[in-house]
Amino acid sequence: MPAKGMLLSSSPHSFTQISTPRMMLSVIIALIPASVYGVYLYGFQALALILVTVLSAVASEYLFRKLIKAKTTIGDFSAIVTGLLLALILPPKTPLWMGAMGAFFAIVVAKEFFGGLGANPFNPALTGRAFLLMSFPAAITTWTMPHGLALADATSTATPLALVRQGAALTDVAKYFGASDVGSLYRQLFMGYRSGSLGESSILLVLIGGLFLLALGVIQWIVPVSVIGSAFLFSWLLGMDPIFNILTGGVVFGAFFMATDYATRPLTPAGQAVFGIGIGLLTVIIRKFGGFPEGVTYAILIMNLATPYLNKMRVKKYGFVPPVKPAKPSKEAVK
Amino acid sequence: MTAKTFRGGAHPPEQKDRSSGLAVERLRDVKQVVIPVNQHFGAPLQPLVKVGDYVKRGQKIADADGRMTVPVHASLAGIVKKIEPRTQSNNLDGPCIIIEAKQPEPVDGVVESTDDFMPPLDPFVCSKEEALARIRAAGIVGMGGAGFPTHVKLAPSKPISYVIANGAECEPYLTIDERTMIERPEDVVEGVAITMKIVNAPEGIIAVEENKMHAIPLLEKAIASSPRTRAGMKIRVQLLKTKYPQGGEKMLITAITGKEVPSGGLPMDVGCVVQNIGTLCAMVEAFRDGKPLIERGLTITGGACTKPANVIAPIGTPVADIIAAGLTAVDDEALRRIIYGGPMMGVAVPNYAIPVQKNTSGVLFMNEEEAVHYEEETCIRCGRCMRACPIRISPALLAVSVETGDYKEAEKIGLLDCIECGSCSFVCPAHRHLVQKFRVGKQILRTIKQKEAQNAR
């Protein structure tokens, strides 16, 4: 007979090896190419910003959970992801203390106040960015040219989208970034030789990270495809350059790393499609008619609001039988 | 042949290597059996014997009136020692009849046969009613786990197009169906033919997962040489992808026919009857030999099992006695969890004195490494459960309804459709106890509905 008491539990008795920290870790790995390239483009300050936001995010979560006497959750690595994501969507020369404050806001206000991991209604990193953008609009819209692309003055510059917003034609934007024509501007944007947020310069590297997550099954294709597809389509419908529009302003980064955030995107496939299309549409509308040149941040945050309702768009269950509606009594019968 | 499958599901580690190559061995000279009185899905039975009675092997020892009842038989000849509650394989106590083996005294130098079997019956000649009566009299239930009365399953009120032999054996570790298909392919084919005759189905399909490919040539040979197929019956093998829960009745039907069993309905609603491999062989024996269901094959394996085996044991044999007989062995020091059934849907029990029952497809002895148990963490809403759920009831959303007590919403999402396969709990990175919640939730929702129905009256 057994030497000691047996473990009794309800089935199943077999479990996957995939855990929450492991999934978060794969997101961090997926962000490494874009992060490293950001540091390569903008130097030490970019590295410092990444470290500060990550440390601030982890410390904020740790201290807040301590304060409310709850279990420490920094072991799930989600705070690292939030901190890293925040750094990658900020201007490279964001003052470090602002980065730290943004990470604190993202973790404590946007996530922990709502109950922590999985319970937050808004994407924490984007909320952090929105908070900084509203509090320090000048600093968060001060952009830097990457090393070696010193066509404009070295300290500050405009993003491609900002230039277009100021009324520049794409050929002028191309010239500004030293590209010979619009075609090579597209290539330059794709490869990542332009001004912009720390981690979303190179669409190629962002895509590599995104495809890595897709291949691992950490994220699914519906959200990124619907975001990019609808941004493309609605840009075209509104007479904007669709290729330029999806290559700039973090559409691809947002589609793969922000809109796919588990807690804040719908769970059902149909809900995800509507969510993604909504983000693409809102982004284009903000760019066309709104006050911000990029629009992705607010588009995602606004669609986050719709998530609980979009979750009602469930897949038909197996063997679904439509309920038989009781026949309405005809008017004659009522009389 | 392309492998068919269903949408969703999971890929738990198969763990079948330990026992898949081992021939089935028969346990002999059992000293004592503990036979649970109730081993079927349905109304409870009454014992027909009393303490001190001598019973023959195959003698009916418990029965009751009613359609949803299946009698139980003595699995060895001997004396009824006790009738008392004992722990059964579902980890609940229930009435059991304990029989101690005893050879009868020779009368005039002649030892009377200790077997009390029925006369053989040709299912292809007798009427459908006779055949169903024989199946019930032989005590046959679905041997895959649920223990549903086979005579009820084979009396569908709708026309049947397909009889499906469930050779998927999608539960990890278990290999008894695989071994049965390899060692007794003729009986499997014959069982399909008998079922087809009873339900008047034009086609029989033996469904096998890809990880049991080596059984297919043997089955095909048995089909080709069967007198039934020569007489014109249509039976074929269908390959299926290796995926859990491919052997679930609904998933099997959908994979093969593309149809979905309607919510709240039965396989017959889409013209199918699904039979477990062991059940088919038991049916063959019931007709050919007149032998009731008094023994079954099972796999004994696991990380703490030092001698994995596929065994045929009398119903009621305490698993400890199979170990004592040397057919299998367990490392008691390493043993951390005992499961009757498979790792996905089986029941964890406190000891291995619990007997083999009609629905015991295996016994797993798990070691420290296998016997993991996780505390629940928070849902990160990753949606893995939503994609794994084979009946698409959005476990992540359903869990919220069940936890908050919103049973109206839970019913709408499909709580009562849950087949309790456990795929959601298996894939959850936060180790949420999803299917466990649904199991409890189903009971609560059923009680609520019953009360509502009573109040309506």
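Q: Before we start, what counts as a helix or a strand here?
A: Helices and strands are DSSP runs, with at least four residues for a helix and at least two for a strand. Keep in mind that this is a predicted model.

Q: Thanks! So how many helices and strands are there in chain A?
A: Chain A has 16 helices and zero strands.

Q: And what does chain A span along its principal axes?
A: The C-alpha trace of chain A spans about 75 × 75 × 35 Å. Of its 335 residues, 50% count as buried.

Q: What share of its contacts comes from residues 24 or more positions apart?
A: Taking the contacts in chain A with a separation of 6 or more, 72% are between residues 24 or more positions apart.

Q: Can we look at a pair of helices? At what angle do α5 and α15 of chain A pack?
A: Sure. Helix α5(A), residues 124–135, packs against helix α15(A), residues 296–310, at an angle of about 125°. Their axes are 10 Å apart.

Q: Why are they called oblique?
A: Angles of 65 to 115 degrees count as roughly perpendicular and those over 145 as roughly antiparallel. The angle here is about 125°, so α5(A) and α15(A) are oblique to each other. The crossing of α5(A) past α15(A) is left-handed.

Q: Which residues make that contact?
A: On α5(A) they are Leu126(A), Thr127(A), Arg129(A) and Ala130(A). From α15(A) come Thr297(A), Ile300(A) and Leu301(A). Sorted by class, this contact has four nonpolar, two polar and one charged residues.

Q: New topic: where is Val173(A) found?
A: Val173(A) is in helix α8 of chain A, which covers residues 170–176.

Q: Is Val173(A) buried or exposed?
A: Val173(A) is buried, because 24 other C-beta atoms lie within 10 Å, and the cut-off for buried is 20 or more.

Q: What does Val173(A) touch?
A: Leaving out residues up to four places away in sequence, Val173(A) touches Pro160(A), Leu163(A), Val164(A), Ala168(A) and Leu185(A). Leu185(A) is 12 residues apart from Val173(A) in sequence, and the two are 7.9 Å apart in space, C-alpha to C-alpha.

Q: Let's hop over to chain B. What is the strand order in its open sheet of four strands?
A: The order is β2-β8-β7-β4, with antiparallel pairing. At the edges are β2(B), residues 32–36, and β4(B), residues 54–55, and each pairs on one side only.

Q: What do strands of a sheet pair through, anyway?
A: They pair through backbone hydrogen bonds, either parallel or antiparallel.

Q: OK, so how many bridges join β2(B) to β8(B)?
A: Five bridges join β2(B) to β8(B), residues 93–101. Ile35(B) stands opposite Ile97(B), while Pro36(B) is opposite Cys96(B).

Q: And how many bridges are there between β7(B) and β8(B)?
A: Nine, with β7(B) covering residues 78–87. Here Ile83(B) stands opposite Ile97(B). These two strands form a hairpin with five residues between them. In the turn, Asn91(B) has a positive phi of about 70°.

Q: Last one: how many residues does each chain bring to the contact between A and B?
A: Chain B brings 56 residues and chain A brings 33. Elements of chain B that each supply at least two residues to the side touching chain A include β17 (337–340), α12 (395–403) and α15 (434–456). By class, that side of chain B has 32 nonpolar, 13 polar and 11 charged residues.

Technical notes
Residues are numbered from 1 along each chain as its sequence is written. Chains are lettered from A and ligands numbered from 1 in the order in which they are written. This is a predicted model: local features need pLDDT of at least 70, side-chain atom pairs count only at pLDDT 80 or more; totals for chains, interfaces and linings use all residues. Two residues are in contact if their C-beta atoms, placed from the backbone, lie within 7 Å. Ala, Val, Leu, Ile, Met, Phe, Trp, Tyr, Cys and Pro count as nonpolar, Asp, Glu, Lys and Arg as charged, and the others, Gly among them, as polar. Two strands pair if DSSP finds at least two bridges between them. Axes are lines fitted to C-alpha atoms, for helices over the stretch in contact, and angles run from 0 to 180 degrees between N-to-C directions. Angles under 35 degrees count as roughly parallel, over 145 as roughly antiparallel, 65 to 115 as roughly perpendicular and the rest as oblique. A crossing is left-handed if the near helix is turned anticlockwise from the far one by less than a right angle, and right-handed if clockwise. A residue is buried if 20 or more other C-beta atoms lie within 10 Å of its own, exposed if 12 or fewer, and partly exposed in between; C-beta atoms are placed from the backbone.
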